[in-house]
Amino acid sequence: MKKEVFKLAFEAETKNIHDAMIAVMVPGIVKSVNEAVAAGMDPNDIINTMGDAMSEVGVMFERGKLFLPHVLSAAAGMTKAMEILTPLMQNESGSTEKKASVVMGTVEGDVHDIGKSICSTMLQCAGYDIHDLGRDVPKQKFIDEVKGGCTYCGMSALMTTTMTVMKEVIDMLEAEGVRGNVKVLVGGAPITQGYADKIGADIYGESASETTRKVKATS
Amino acid sequence: MAFYTRMGDGKRVEMTREAIIDDIRAGMADAADMGGIPDLTEDDIAIITDIVACNDRMVGVAPGEEIVLTYDIGQLDFTGDNGNSGNGVDMGRLEAALLHERALGADTFELAHSDYSIKPVKPVISMEMQTMEEIQAEIVAPYFYGAMPNCGLYYAPDGPYGNPADLMREFKIDEAMAAAEAAADHVARDIEYVTTRLIQAGADGFNFDTTGSAGDADCVGTLNGVRMLREACPDAYINVGMAGESVMGIHGMIEFDGQIVAGLYPHQQVKLAQKAGASVFGAVCNTNTSKSLAWNLGRSVTFIKECVNQAEIPVHVDMGMGVGGIPMLETPPIDAVSRCNKAMVEVAHVDGV
């Protein structure tokens with residue numbers, strides 16, 4: 001009952017934040033958040049509203065209605081909003097920690113970058129701490145990042161001749177005794193669910209949106 | 001009764017006729033929803049169902065219904081490794097061209113640099129022109145030059161402009177857009193440089209392969225390059241083949257001829273290709289490896305049929321591993337390849353593959 005009363009009380013602010021996020025304009029997002037704070041809306045509820053709208057932005061991206069710069073603008077607006085909200089939450093002993101750390105890279109021998117970069121961006125927008133190593137990444141670098149605390153290891157390959165490196169990295173994770181500390185996600189044009197299963201990866205992403213959805217579901 | 005068919009990753013599965021129809025309808029609905037285009041007719045669905053639910057190893061079209069067959073990637077069909085859909089058979093470029101013409105029944109063929117991108121052709125343009133001239137003296141079939149615009153080679157670390165993907169992750173969105181625009185201008189200039197010289201050397205045309213592979217700026221740069229080529233060589237045969245069913249919005253706002261290109265689907269892409277001066281449009285629909293062949297074929301045919309309906313130039317659909325409903329497999333299985341091609345001819349009414 002109390003929650004329903006709250007929702008009614010901040011209905012206009014909630015709608016304004018949502019609409020500003022969907023419009024993907026940084027100044028509009030900051031303005032709507034400032035207004036919500038001034039009206040007394042709980043910072044956690046503001047963040048949840050932004051999070052729900054961000055998910056909607058993700059769906060529109062997946063459906064080809066919005067594009068990467070738009071997703072980034074919404075995320076940039078959210079980041080700016082967090083600068084306003086974080087001090088308020090710290091006063092209330094709230095937590096503003098990042099989600100898990102994810103190492104991302106295109107495997108050794110493969111120079112295709114775009115798909116992996118879109119995945120990194122979508123995961124970053126979802127609140128994960130992204131360590132994007134770029135492309136043609138030496139196998140050992142993935143292992144080093146996992147040893148350094150990354151709990152997700154994302155590998156991309158666009159060629160059938162380089163996708164085999166994914167298995168080698170997984171074997172190295174086993175050999176180094178850190179396979180149990182990390183969830184391995186794989187993707188790229190030649191990668192399929194069947195191949196992911198075959199090499200013992202934990203997550204296969206057909207698209208950036210699907211990868212993000214699956215990572216969120218496991219964290 | 002169950003019919004032998006495949007998943008988008010090539011895995012063999014059995015499906016009932018009813019399950020095949022359900023998947024064709026679901027794939028069709030996905031395309032119609034995403035592209036804002038009409039559903040297939042009930043007759044179309046019945047034809048595709050009969051094609052998929054057929055126990056023959058291969059299927060084909062009726063005599064007289066054959067269409068133009070064009071190969072891309074030049075000699076690499078033979079000389080490339082199997083990861084590049086090649087056969088690892090070493091031979092010269094002349095021999096490969098003649099084999100395609102005389103043994104494989106190719107209606108057209110092309111010369112290609114082993115990297116298959118525009119940029120690396122620049123430093124060896126004189127050698128490519130010489131080879132073109134030499135092979136033209138032997139071959140009868142129309143012989144083009146083919147390359148990917150590949151705007152990715154113009155971004156760091158391979159090129160002079162900042163990498164939009166990296167810049168965006170730092171929320172430098174304006175800088176990312178500026179880099180994409182500069183790269184688009186650069187690739188257009190390179191296209192003009194390379195293509196006009198190869199046409200002068202005797203090429204019958206130019207095949208732009210995987211247009212838009214690096215996003216919407218790649219697409220705009222290519223279309224501007226095509227426009228330059230058309231102005232310089234009014235009689236050149238120009239094929240604009242796409243990279244995907246939807247233009248990726250890496251820039252998001254970049255335009256060609258007043259039209260934002262991000263998010264355009266085949267029936268919209270073809271109109272820009274026409275405006276730029278293309279003679280033929282290479283429509284693409286990507287395969288979802290987690291869905292069945294029936295789902296992917298229903299989806300692909302829906303997209304391509306509408307593209308053909310709206311096109312004023314011939315449409316040659318891109319059919320190979322991971323496109324056109326064909327499973328994503330190094331060597332695409334002939335049962336799937338022949339079924340998808342037959343459906344594209346009989347339902348989408350494409351002019352070539």
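Begin by selecting A:Gly58, which counts as buried because 20 C-beta neighbours lie inside 10 Å, and 20 or more is the number required for that label. Please note at the outset that this is a predicted model.

**First stop: A:Gly58 and its surroundings**

Extend the selection to residues 43-62 of chain A; this is helix H4, and A:Gly58 lies in it. Which residues does A:Gly58 touch, not counting residues up to four places away in sequence? Select A:Met122, A:Ser209 and A:Thr212 to display them. Next, select A:Glu13, which is 45 residues apart from A:Gly58 along the chain. A distance drawn between the C-alpha atoms of A:Glu13 and A:Gly58 should read 22 Å.

**Second stop: chain B as a whole**

Now display chain B alone. Chain B contains 11 helices and nine strands. The radius of gyration of chain B is 20 Å, close to the 20 Å that the globule rule gives for 353 residues, so chain B is as compact as a globular protein of that length. Turn the C-alpha trace of chain B along its principal axes, where it spans about 60 × 55 × 35 Å. If the 353 residues of chain B are coloured by burial, 56% of them count as buried. Contacts in chain B may also be considered by their separation in sequence: among those between residues at least 6 apart, 74% join residues at least 24 apart.

**Third stop: where chain B meets chain A**

Restore chain A to the view. At this meeting place, 27 residues of chain B are in contact with 26 residues of chain A. On the side of chain B that touches chain A, select helix H6 (164-169) and helix H7, each of which supplies at least two residues. How do the residues of this side of chain B divide into nonpolar, polar and charged? Colouring them by type gives 11 nonpolar, 11 polar and five charged residues.

**Last stop: the largest nonpolar core**

The largest nonpolar core has 178 residues. Select A:Met166, B:Ala183, B:Phe206, B:Ile304 and B:Met344, the members that touch the most other members of this core. Then select helix H7 (residues 173-200) of chain B, which gives the most to this core, with 13 residues. In chain A, select domain 1 (2-91) and domain 2 (101-218); the core draws at least three residues from each of them.

Finish by centring the view on B:Ile304. Leaving aside residues up to four places away in sequence, B:Ile304 touches B:Pro266, B:Ala283, B:Cys285, B:Val317, B:Met344, B:Ala348 and B:Val350.

Conventions. Residues numbered from 1 in each chain as written. Chains lettered and ligands numbered in written order. Predicted model: local features only at pLDDT ≥ 70, side-chain atom pairs only at ≥ 80, totals over all residues. Core = buried A, V, L, I, M, F, W, Y, C linked by C-beta atoms within 7 Å. Buried ≥ 20, exposed ≤ 12 C-beta atoms within 10 Å, placed from the backbone. Helix = DSSP H or I, 4+ residues; strand = E, 2+ residues; numbered from the N terminus. Domains from an automatic or database assignment. Contact = placed C-beta atoms within 7 Å. Nonpolar A, V, L, I, M, F, W, Y, C, P; charged D, E, K, R; others polar. Rg over C-alpha atoms; globule rule 2.2 N^0.38 Å.
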